Amino acid sequence: MGYDLYVDGDPLEINQEGVALNAEYRFGFTPHLSAGLSFRYLESRVNAIGNATLPPGIQDLTDITLASLGLVAQWDTRNDSLYPSEGGLAEFNFLTNRISGGASFSYLKSTLALDHYWLLGPQTVLAANATGCLVEDDAPFFDSCLLGSQIRGFSLFQYYGNQMVTAQAELRQNFSKRFGGVAFAGVGETLSSLEFGRRTLTRDSDLRYAGGLGLRYRVSKDFPIDLSLDVAINDLDEKNIYFYVGQAF
C-alpha cells in the first residue's frame with residue numbers, strides 16, 4: 001500500500017508491503033472482566049516511491065520481521081458490541097516487540113482505550129472515547145503512536161510520536177430503520193517525536209483537533225451493522241473522507 005509519511009513536516013511517498021498475523025486469547029474471569037495474551041507477526045518491506053530517498057533511520061527498516069508478545073485486559077459493560085447505547089469498554093494492551101532483519105532491536109509499547117455510551121433518547125446515542133499510547137523511542141515509525149489512527153481528519157502518518165493522548169465524542173441519530181447520521185469532534189496531541197540516531201522524523205505537534213459529519217446505512221434487519229461514510233475537516237482546513245463498516249468506536 002502507498003501512503004505519505006511526514007518527515008520534518010513534509011510528505012514523503014512510501015510504499016509498504018508485507019504479511020501480518022494477529023492472534024489473541026482472553027479468559028473471562030467475570031461477565032465483564034477478561035484478560036489474556038496477544039501475539040502478532042509481521043514481515044514488512046518499505047520503499048520510497050519515485051526518486052525519493054529514504055531517511056537514514058528508515059533505510060534500516062526496508063526489509064524486516066516484527067514479532068510481538070503481550071498482555072491484554074478488557075472491562076466491558078456495553079449492552080451491545082456492534083451498536084452500544086449504554087455502558088462502557090476499557091481495554092489495555094502491553095506488548096514487547098522484537099525487530100530482526102535490516103535492523104535488530106527490541107522495544108515496548110502500551111495502549112489504553114476508554115469508551116462510554118449514553119442513551120439520550122429512543123434513537124439518539126452519545127459516544128465518547130479517550131486513548132493513551134506510549135512506545136519506546138526505538139519503535140519503527142509504523143508502530144508508533146499515530147494521531148490519524150484515532151482522530152478522523154488527519155492522515156495516518158501526519159502526526160506520530162512515542163507518546164499520544166486523544167479524546168473524541170460522537171452524537172449518533174437514527175432517522176429510520178435503515179438510515180442514520182452522526183456528528184463528531186476529536187482532539188489529540190503527540191507529545192514527543194520518534195528519533196532514529198540524531199534525525200527527528202516528525203516534530204512534536206501542537207494540540208490538534210478535527211470534526212465532521214457522517215451518514216449511516218443499516219445493512220441488516222437482524223444485526224445493527226452499518227455502512228459508514230464520514231467527512232472530516234481538521235484545524236489545518238484539510239478534508240478527509242472515510243468509508244468503513246461499523247462505528248468509529
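Aspartate 237 sits in the loop between strand S15 (226-234) and strand S16 (239-245). Its phi is near 65 degrees, a positive value in a residue other than glycine. Most residues other than glycine have a negative phi. Aspartate 237 is also exposed, with a relative accessible area of 60%. The cut-off for exposed is over 50%, so aspartate 237 qualifies. All of this is read from a predicted model.

**The chain as a whole**

The protein chain has one helix and 16 strands. Its C-alpha atoms fill a box of roughly 55 × 45 × 30 Å along the principal axes. The radius of gyration is 19 Å. A compact globule of 249 residues would have one near 18 Å, so the two values agree.

Of the 249 residues, 44% count as buried. Among contacts with a separation of 6 or more, 55% join residues 24 or more positions apart. The chain exposes about 12,900 Å². Carbon and sulfur atoms supply 58% of that area.

Charge comes next. There are 18 positive and 29 negative side chains in the protein chain. The centres of the two sets lie 7 Å apart.

**Aromatic pairs**

How many aromatic pairs does a search of the whole structure find? The search finds eight. Two of them are set out here.

| Pair | Geometry | Centre to centre | Angle between planes |
|---|---|---|---|
| Phenylalanine 105 and tyrosine 107 | tilted | 6.3 Å | 40 degrees |
| Phenylalanine 141 and phenylalanine 157 | edge-to-face | 5.7 Å | 65 degrees |

The angle decides the label. Planes over 60 degrees apart count as edge-to-face, so the 65 degrees of phenylalanine 141 and phenylalanine 157 earns that name.

Both members of the tilted pair are buried. Phenylalanine 105 has a relative accessible area of 17%, and buried means under 20%, so phenylalanine 105 falls in that class. Tyrosine 107 is buried too, at 1% relative accessibility.

The edge-to-face pair links distant parts of the chain. Phenylalanine 141 lies in the loop between strand S7 (124-135) and strand S8 (145-146). Phenylalanine 157 lies in the loop between S8 and strand S9 (160-161). The two residues are 16 residues apart. Phenylalanine 141 is buried at 0% relative accessibility. Phenylalanine 157 is buried at 3%.

These two rings also belong to a cluster. Ring pairs link Phe141 and Phe157 with Tyr3, Phe142 and Tyr160.

**Two alanines in strand S7**

Alanine 127 is in strand S7. So is alanine 130. Is alanine 127 buried or exposed? At 0% relative accessibility, alanine 127 counts as buried. Alanine 130 is partly exposed, with a relative accessible area of 31%.

Contacts come next, leaving out residues up to four places away in sequence. Alanine 127 touches His116, Tyr117, Gln168, Ala169, Glu170, Arg172 and Phe249. Alanine 130 touches Leu112, Ala113, Leu114, Thr166 and Ala167.

Two C-alpha distances place these alanines against other parts of the chain. Alanine 130 and phenylalanine 92 are 38 residues apart in sequence and 12 Å apart in space. Alanine 127 and leucine 71 are 56 residues apart along the chain, and their C-alpha atoms are separated by 27 Å.

Conventions:
Residues are numbered from 1 along each chain as its sequence is written. This is a predicted model: local features need pLDDT of at least 70, side-chain atom pairs count only at pLDDT 80 or more; totals for chains, interfaces and linings use all residues. Side-chain values use heavy atoms; hydrogens and water are left out. Helices (H or I, at least four residues) and strands (E, at least two) are DSSP runs, numbered from the N terminus. The radius of gyration is taken over C-alpha atoms; the globule rule is 2.2 Å times the number of residues to the power 0.38. Buried means under 20% relative accessible area, exposed over 50%, partly exposed in between (1.4 Å probe, protein chains only). Contact means heavy atoms within 4.5 Å. Accessible areas come from the Shrake-Rupley method with a 1.4 Å probe; for residues, only the protein chains shown count as cover. Lys and Arg count as positive and Asp and Glu as negative; His and the chain ends are not counted. The place of a charge is taken as NZ of Lys, CZ of Arg, CG of Asp or CD of Glu. Rings of Phe, Tyr and Trp (its six-membered ring) pair if their centres lie within 6.5 Å; planes under 30 degrees apart count as stacked, over 60 as edge-to-face and the rest as tilted.
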